[in-house]
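Please walk me through this structure. Start with one pair of helices, then move on to the rest.

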Amino acid sequence: MRNTKNINNIDNTKIVEYLQATDTRYRLYDPGRYLYIQFCKREDYLSNEYIELLYVVLVAWGMNLRRASLSDFNVFHDSLIENKELIESLRNERLETVDLEGIRGQVYKLYARLNLVGNNASKFVTFSKTLHLLLPNLFVPMDRTYTLSYYSSYFPKDMDKHFEKYWNIMTDMAQFAQNNLSVLQREMKSKGKS
């Protein structure tokens, strides 16, 4: 059965309502939310402590409880450090203004190179959440429950096809952000964020 949901069918008049509900009611006293807020305040980008807290946030988000289990911390850490220059090259990009085709090669390299999950597990969720933590203005955290309710949950084994699925969703997210830019900017400004 074909999925009838489509991100572009989200009523843009509901965006503020959804954002406010998330801000005021979504997992208010969840350790993962608390750690995420603390993590977002860090200024020691890609330091050892920064990567350690990033890993802890992913664990608090249940990344070791579901299909994808995180790599051993040392493997995870070293993988980020080995790709630090590539990660940092994307730091000034924003989802609502980025030329996606201009960064596709860099994102593909990260998808192929980052060793974030063990046991040949699917890297879709872990990759998206890790990149969101590293580059929150560019990457959207994705998961199987919510994100894939808008897309087929089938994942091909081939890494290139796997990346294509990720990239198609990323493209939709960017288009959504661009189409709703004024609403999103107004809401961020009201929260004192940029």
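How close do the axes of helix 2 and helix 3 come, and at what angle do they cross? In this predicted model, the two axes come within 9 Å and cross at roughly 155°. Angles over 145 degrees count as roughly antiparallel, so helix 2 and helix 3 are roughly antiparallel to each other. Their crossing is left-handed.

Look next at the side chains and backbone that bring this pair into contact. Helix 2 contributes Gly32, Leu35, Tyr36, Gln38 and Phe39. Helix 3 answers with Tyr50, Leu53, Leu54, Val56, Val57 and Ala60. Sorted by class, the contact of helix 2 with helix 3 holds nine nonpolar residues, two polar ones and no charged ones.

Now turn to the loop between the two. Helix 2 covers residues 31-40 and helix 3 covers 48-60, and Leu46 lies in the loop between them. The phi angle of Leu46 is near 60°. That is a positive value in a residue other than glycine. Is Leu46 buried or exposed? Its relative accessibility is 3%, so Leu46 counts as buried.

Step back to the whole chain. The chain has nine helices and zero strands. Read from the N terminus, every element is therefore written as α: α-α-α-α-α-α-α-α-α. The chain has 194 residues, and 40% of them count as buried. About 11600 Å² is exposed, with carbon and sulfur atoms supplying 49% of that area. Contacts also reach along the sequence. Take those between residues at least 6 apart: 64% of them join residues at least 24 apart.

Helix 6 is a good place to go next. Two of its partners are helix 7 and helix 8. Two packed helices are described by the angle between their axes and the distance between the axes. Begin with helix 7, residues 124-134. The axes of helix 6 and helix 7 come within 11 Å and cross at roughly 120°. That makes helix 6 oblique to helix 7. The crossing is right-handed. Val107, Leu110 and Tyr111 of helix 6 meet Phe124, Phe127 and Leu131 of helix 7. By class, this contact has six nonpolar residues, no polar and no charged.

Helix 8 comes next. Helix 6 spans residues 100-113 and helix 8 spans residues 159-179. Their axes come within 11 Å and cross at roughly 135°. Helix 6 is therefore oblique to helix 8. This crossing, too, is right-handed. On the helix 6 side, the contact uses Leu100, Glu101, Ile103, Arg104, Val107, Tyr108, Tyr111 and Ala112. On the helix 8 side, the residues include Met159, Asp160, His162, Phe163 and Glu164. Tyr166, Trp167, Met170, Thr171 and Ala174 of helix 8 also take part. Here the classes divide into 12 nonpolar, two polar and four charged. Val107 and Tyr111 appear in the contacts of helix 6 with both helix 7 and helix 8.

Finish in the loop between helix 7 and helix 8, where Pro141 is found. How exposed is Pro141? At 32% relative accessibility, Pro141 counts as partly exposed. Pro141 touches Ser128, Lys129, His132 and Thr147, leaving aside residues up to four places away in sequence. Thr130 is 11 residues from Pro141 along the chain, and their C-alpha atoms are separated by 7.9 Å.

How values were computed: Residues are numbered from 1 along each chain as its sequence is written. This is a predicted model: local features need pLDDT of at least 70, side-chain atom pairs count only at pLDDT 80 or more; totals for chains, interfaces and linings use all residues. Side-chain values use heavy atoms; hydrogens and water are left out. Axes are lines fitted to C-alpha atoms, for helices over the stretch in contact, and angles run from 0 to 180 degrees between N-to-C directions. Helices (H or I, at least four residues) and strands (E, at least two) are DSSP runs, numbered from the N terminus. Angles under 35 degrees count as roughly parallel, over 145 as roughly antiparallel, 65 to 115 as roughly perpendicular and the rest as oblique. A crossing is left-handed if the near helix is turned anticlockwise from the far one by less than a right angle, and right-handed if clockwise. Contact means heavy atoms within 4.5 Å. Ala, Val, Leu, Ile, Met, Phe, Trp, Tyr, Cys and Pro count as nonpolar, Asp, Glu, Lys and Arg as charged, and the others, Gly among them, as polar. Buried means under 20% relative accessible area, exposed over 50%, partly exposed in between (1.4 Å probe, protein chains only). Accessible areas come from the Shrake-Rupley method with a 1.4 Å probe; for residues, only the protein chains shown count as cover.
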